[in-house]
Amino acid sequence: MRTPPMGWMSWERFRCNVNCENDPKNCISENLFRDMADRLAEDGWKEMGYDHVMIDDCWSSMLRDKDGRLQPDPQRFPGGIAKLARYLHDRGLKLGIYGDLGTHTCGGYPGTTLDKIETDAQTFASWGVDFLKLDGCYSNEEDQQKGYPLMSKALNATGRPIGYSCSWPAYRGGLPPSVNYTLLGEICNLWRNYDDIQDSWNSVQDITDWFFDNQEILQPEAGPGRWNDPDMLIIGNFGLSVDQSRSQMALWAIMAAPLIMSNNLRTLSSEARAILQNRAAIAINQDPMGVQGRRLLQERSLIEVYWRPLSQSASALVFLSRRQDMPYQYHTSLAKLNYTAGSYEAYDVFTGKTLSGLSATTEFTVSINPSGVVMWYVYPKMHYEDPQDDVIPSFHH
Ligand code: GLA
């Protein structure tokens with residue numbers, strides 16, 4: 001996971017709906033995950049990098065088997081997890097699963113107590129699982145201190161590469177000294193730092209405020225193989241307008257956040273799809289340098305500016321409006337945003353237009369919709385003869 005993982009996860013949209021009798025299309029069952037795998041494979045998602053299908057809570061039977069192993073609910077997963085993993089692998093996709101370090105999962109299903117860590121790691125590996133989200137309900141600080149590193153060891157000991165997402169910090173307030181990010185970076189590939197996302201713009205704002213208010217602590221902890229996780233993308237559901245959806249996509253790209261959608265891929269609007277499949281936004285999120293971005297400015301006008309450095313001397317800028325009146329004309333220059341002297345071009349991620357001939361001191365104006373963004377990919381202008389010209393990213397054309 002040298003770049004943030006991408007894919008689809010069941011929780012935010014489908015929760016713990018286990019009522020397959022009344023709601024067969026939307027309940028947590030192998031059909032749901034097969035359906036989403038089909039969509040990822042057939043609707044262009046996989047090619048864009050969305051290659052994980054992640055099962056969240058409520059997949060398992062209420063009882064372990066006679067050998068003490070977790071087993072899927074037999075009615076809802078009659079084919080078993082190994083068969084589902086094969087179905088995904090045949091389509092070039094990866095399977096994620098959910099566990100909980102504690103007596104129970106947050107939804108009340110069997111948890112992984114310390115004595116079960118090795119068994120569960122072996123079980124997941126034997127099924128061909130590629131990713132584990134290990135939640136932290138129903139355990140105390142001490143168990144977590146022991147259990148999260150132990151699961152890391154146990155996963156490595158299986159010999160199967162398995163991405164490891166740790167909810168540990170979210171259960172310890174997300175900040176040092178209760179949270180040791182140095183240790184997390186060594187044992188986990190990503191970690192949930194903060195509260196669950198809900199289907200609303202309020203929730204997106206609450207999460208982004210927390211992450212950027214704490215950027216001095218969180219930003220340095222991210223890098224290739226180790227990511228802060230502000231939780232799932234809710235684009236395509238019910239809570240966000242089109243502008244707010246662009247805002248979530250833009251801010252998650254700035255944060256180098258995992259791009260894990262939780263939505264109904266069977267019924268996405270074309271607007272939602274276009275935002276989630278925006279090449280430039282994804283390329284910014286997946287930049288190989290893997291440096292998390294920052295909030296540069298919070299203006300009295302309620303405009304905020306975010307910035308992320310990217311490889312090849314490029315960078316991303318996001319202008320976010322927290323106003324509730326009308327599009328705001330924001331005047332600034334690259335120099336005011338700490339850019340050094342030089343000649344730049346700016347590719348507007350959501351309009352596809354390029355602004356050329358910007359010098360650091362050129363004053364410009366962006367029109368930002370209420371709760372919307374303008375997002376730029378900024379790169380130094382290259383000379384026509386320069387053979388380096390072909391490094392201009394492909395989304396530029
Ligand atoms: C916790 C996690 C969520 C989800 C639920 C499942 O709340 O933070 O992401 O996994 O548990 O019960």
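## Close-ups of two pockets and a ligand site

**View 1. The largest pocket, at about 450 Å³ in volume.** Keep in mind that this is a predicted model. Here 26 residues make up the lining, and the ones nearest the centre are Met-1, Ile-162, Gly-163, Tyr-164 and Asn-189. Three elements give two or more residues each to this lining: α6 (141-157), β5 (163-166) and α7 (181-187). Sorted by class, the lining of the largest pocket has 10 nonpolar, 11 polar and five charged residues.

**View 2. The second largest pocket, with a volume of about 270 Å³.** Its lining takes in 17 residues, with Asp-348, Thr-351, Ser-367, Val-374 and Trp-376 closest to the centre. At least two lining residues apiece come from α10 (242-254), β13 (343-348), β14 (354-359), β15 (363-368) and β16 (373-380). β15 chips in the largest share, four residues. The class tally for this lining is eight nonpolar, five polar and four charged.

**View 3. The ligand and the residues around it, including Trp-11, Tyr-98 and Arg-192.** The rest of the shell is Asp-56, Asp-57, Cys-106, Gly-107, Lys-133, Asp-135 and Asp-196. By class, that shell has six charged residues, three nonpolar and one polar.

**View 4. Side chains that meet ligand oxygen atoms, among them that of Lys-133.** A polar atom in the Lys-133 side chain sits 2.8 Å from a ligand oxygen. For Asp-135, a side-chain N or O atom is 3.0 Å from an oxygen atom of the ligand. Asp-196 has a side-chain N or O atom 2.5 Å from a ligand oxygen. On its own the ligand would expose 310 Å², and the protein buries 90% of that.

Note on methods
Residues numbered from 1 in each chain as written. Predicted model: local features only at pLDDT ≥ 70, side-chain atom pairs only at ≥ 80, totals over all residues. Heavy atoms only, no water. 1 Å grid on protein atoms, 1.4 Å probe; cavity = no way out; pocket = protein on both sides within 12 Å on 5 of 7 lines; lining within 4 Å. Points joined across faces, edges and corners; volume = space filled by probe spheres on them. Nonpolar A, V, L, I, M, F, W, Y, C, P; charged D, E, K, R; others polar. Near = heavy atom within 4 Å. Polar contact = N/O pair within 3.5 Å; in protein donor to acceptor, adjacent residues only side chain to side chain. Areas by Shrake-Rupley, 256 points an atom, 1.4 Å probe, with all protein chains shown as cover.
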